[in-house]
Amino acid sequence: MTVHIGDLRLRDERAARFLASGTKKLLIGGEWVAARSGETFETSDPATGEVLAEIARGGNADVADAVAAARSAFTSPEWRGMTPNDRAALLWRIADLIEQNADQLAQLETLDQGKAWRTGRLGEIPSAINNFRYYAGWATKLLGETIPTSLRRQPPGKQVFAYTTREPVGVVAAIVPWNSPLLMAAMKLAPALAAGCTVVLKPAENTPLSALRLGELMLEAGMPKGVVNIVTGYGSEAGQALADHPGVDKVAFTGSTAVGKRLLTAATGNLKRLTLELGGKSPSIVLPDADLDLVIPGVSGGIFDNGGQVCVASARIYAHRDVYDRLVAGMADYGRKLRLGHGLDPEADLGPLVSVAQAERVEQFIEEGKAAGVEVVTGGHRDGERGTFYEPTVLTGVAQDMRLMKEEIFGPVATVTPFDDVEEVIGWANDSVYGLAASVWTEGLSNAHRVAARIQAGTVWINCHSYLGVELPKGGFKQSGWGTENGAQGLENYLETKTVVAVI
Ligand code: NDP
């Protein structure tokens, strides 16, 4: 397979202007400032290696400044004085500005992360917009309750009146990964701001650009100073400093299970609230009566889209023996037809993986599998000048206990395994430390819901995969996380309940 890099001229001149406007700074207290150390790091195009921009390398001191700014903004009259309606209007303005700048943001995302332009422009950027609009609606609906109590301690002639209010949890550290950078940031910022929190956002070091452009748009929308702060830098420096900081009330984290576990320790200092959206190894179960015309594009898209760098990717496919051969052939055919190319090339279905390191990681998994006798039906190679592209890959003959079956690869690699017995396959599907998502494919209504009920996962799709939306709660069972994002439940992460009891 040959990677076609194509014509890389930027189609949106605003993206070019943003990149050309010099070193990208930190957003602290409403101002763009250099890191106190003066240090920077480079962010580059994973397809070509071209350096896109110098980025401020935030450290302890910058995190301290950002947390102080967020703390001060939390109680400031500019933020506290905003009515719920004002906050809703602000979130809606941010959504409008993202929409007006969608082409530019999609291009920045492609250049920085590698993803095919349409993945960002038609999928992730509209989802980011939806997040702000959806939670704009919630800002005016943070309701408490009145509670009839049975207390009898009040003096004669008095009564007890009790009610609850919902209050913002405080300063939130939002730490996000590199696979869908703007969307991941929006999924935390929108509910946090709707709840009235202030935020320090730490984008992934590989993909800081769209978050920084979003910071500019937020200021343009009228965000009061210090309500959203952005500290770019390395996870082990800026990320760890944020997680450790006693001035942070809550960490909202999306990323790997390994780092998520580390954050538990960091949270103990001041018992920060912690939500963790972590890794997955999602199974897809294809029953013998499934409609293969739906299944083949469904599970193939589920694992190959965005180069498999999707937390809910359909990485483990279990097909009933009656349909197994046809499914393997169909997926291989689907994978072979996908065009690898620079994400800005309109012909490209898949861009490069996010970095050389990620491509090497995927390669290591495949080489290990080959050595153990796994069959590579299609794919199985790196490509492109820098080796950052990875062919859509279908593997068979992968045993349940192999690393390929157990660990999250975060690349376009599907294992397909035949089964004969539904009980057995449910056992295999649940035989994982993860429990993020799953899909079941069948034309039988009863079977679909019976199997869905037995799967240990935060989301189960029936006859579809990766159907995600801001109104649909998303969380992980087992080591895929703590807490739920999206929907009304997603807002709870950013709220405390206060009970007020009055003798009147
Ligand atoms: P990482 O866990 O490596 O990083 C996530 C974020 O945490 C990055 O901003 C990273 O910074 C930062 N970080 C790294 N080390 C620390 C630390 N010690 N303290 C605080 N912050 C730190 O994940 P990836 O970026 O590699 O993303 C891929 C992972 O994200 C996959 O496991 C995937 O499943 C998961 N994910 C889960 C989703 C879900 O909803 N469940 C959705 C999307 C992805 P830096 O980049 O600078 O190292």
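**Overall fold, ligand shell and selected residues**

The chain contains 17 helices and 26 strands, in a model that is predicted. Its radius of gyration is 24 Å, close to the 23 Å that the globule rule gives for 504 residues, so the chain is as compact as a globular protein of that length. Along the principal axes, the C-alpha trace spans about 80 × 60 × 40 Å. Of the 504 residues of the chain, 57% count as buried, where buried means a relative accessible area under 20%.

The surroundings of the ligand were examined next. There are 30 residues around the ligand, and those that come nearest are Glu205, Ser256, Leu278, Glu408 and Lys474. Sorted by class, this shell consists of 15 nonpolar, nine polar and six charged residues. Three contacts between the protein and the ligand can be described at the level of single atoms. At Val176, a backbone N or O atom lies 2.7 Å from an oxygen atom of the ligand. At Gln240, an N or O atom of the side chain is 2.7 Å from a nitrogen atom of the ligand. Leu278, which is also among the residues that come nearest to the ligand, places a backbone N or O atom 2.7 Å from a nitrogen atom of the ligand. Taken alone, the ligand exposes 890 Å², and the protein buries 91% of that area. The elements that give two or more residues to the shell are helix H9, residues 235–244, strand E10, residues 250–254, and helix H10, residues 257–267.

Helix H8 covers residues 209–220, and its length can be checked by a short calculation. At 1.5 Å a residue, its twelve residues should span 16 Å, and the C-alpha atoms at its ends are 17 Å apart, which agrees with this expectation; the expected span is 1.5 Å times one less than the number of residues. Nine of the twelve residues of H8 are buried, so the helix is largely enclosed by the rest of the structure. The buried residues are Leu209, Ser210, Ala211, Leu212, Arg213, Leu214, Gly215, Leu217 and Met218. H8 is followed by Gly222, which has a positive phi, near 100 degrees.

A positive phi is also found at two residues that are not glycines. Ser466, in the loop between strand E21 (459–462) and strand E22 (474–475), has a phi of about 60 degrees although it is not a glycine. With a relative accessible area of 27%, Ser466 is partly exposed. Lys478, for its part, has its place in strand E23, and its phi is positive at about 45 degrees, although this residue is not a glycine either. Lys478 counts as partly exposed, at 36% relative accessibility. The loop between strand E23 (477–478) and strand E24 (481–482) holds Ser480, which is buried, with a relative accessible area of 0%. A polar atom of the side chain of Ser480 lies 2.9 Å from the backbone nitrogen of Gly435.

Several pairs of residues illustrate how the fold brings separate parts of the chain together. Gly22, in the loop between helix H1 (13–20) and strand E1 (26–28), is partly exposed, with a relative accessible area of 34%. Gly22 and Ala53 are 31 residues apart along the chain, and their C-alpha atoms are separated by 7.3 Å. Ile28 belongs to strand E1 and is buried, with a relative accessible area of 12%. From C-alpha to C-alpha, Ile28 and Ala69 are 6.6 Å apart in space, while in sequence they are 41 residues apart. Met187 has its place in helix H7, which comprises residues 181–195, and it is buried, with a relative accessible area of 8%. Met187 and Thr254 are 67 residues apart in sequence, and the distance between their C-alpha atoms is 9.9 Å.

How values were computed: Residues are numbered from 1 along each chain as its sequence is written. This is a predicted model: local features need pLDDT of at least 70, side-chain atom pairs count only at pLDDT 80 or more; totals for chains, interfaces and linings use all residues. Side-chain values use heavy atoms; hydrogens and water are left out. A residue is near a molecule or strand if one of its heavy atoms lies within 4 Å of it. A polar contact is a pair of N or O atoms within 3.5 Å; within protein, one must be able to donate a hydrogen and the other to accept it, and residues adjacent in sequence count only if both atoms are side-chain atoms. Accessible areas come from the Shrake-Rupley method with a 1.4 Å probe; for residues, only the protein chains shown count as cover. Helices (H or I, at least four residues) and strands (E, at least two) are DSSP runs, numbered from the N terminus. Ala, Val, Leu, Ile, Met, Phe, Trp, Tyr, Cys and Pro count as nonpolar, Asp, Glu, Lys and Arg as charged, and the others, Gly among them, as polar. Buried means under 20% relative accessible area, exposed over 50%, partly exposed in between (1.4 Å probe, protein chains only). The radius of gyration is taken over C-alpha atoms; the globule rule is 2.2 Å times the number of residues to the power 0.38.
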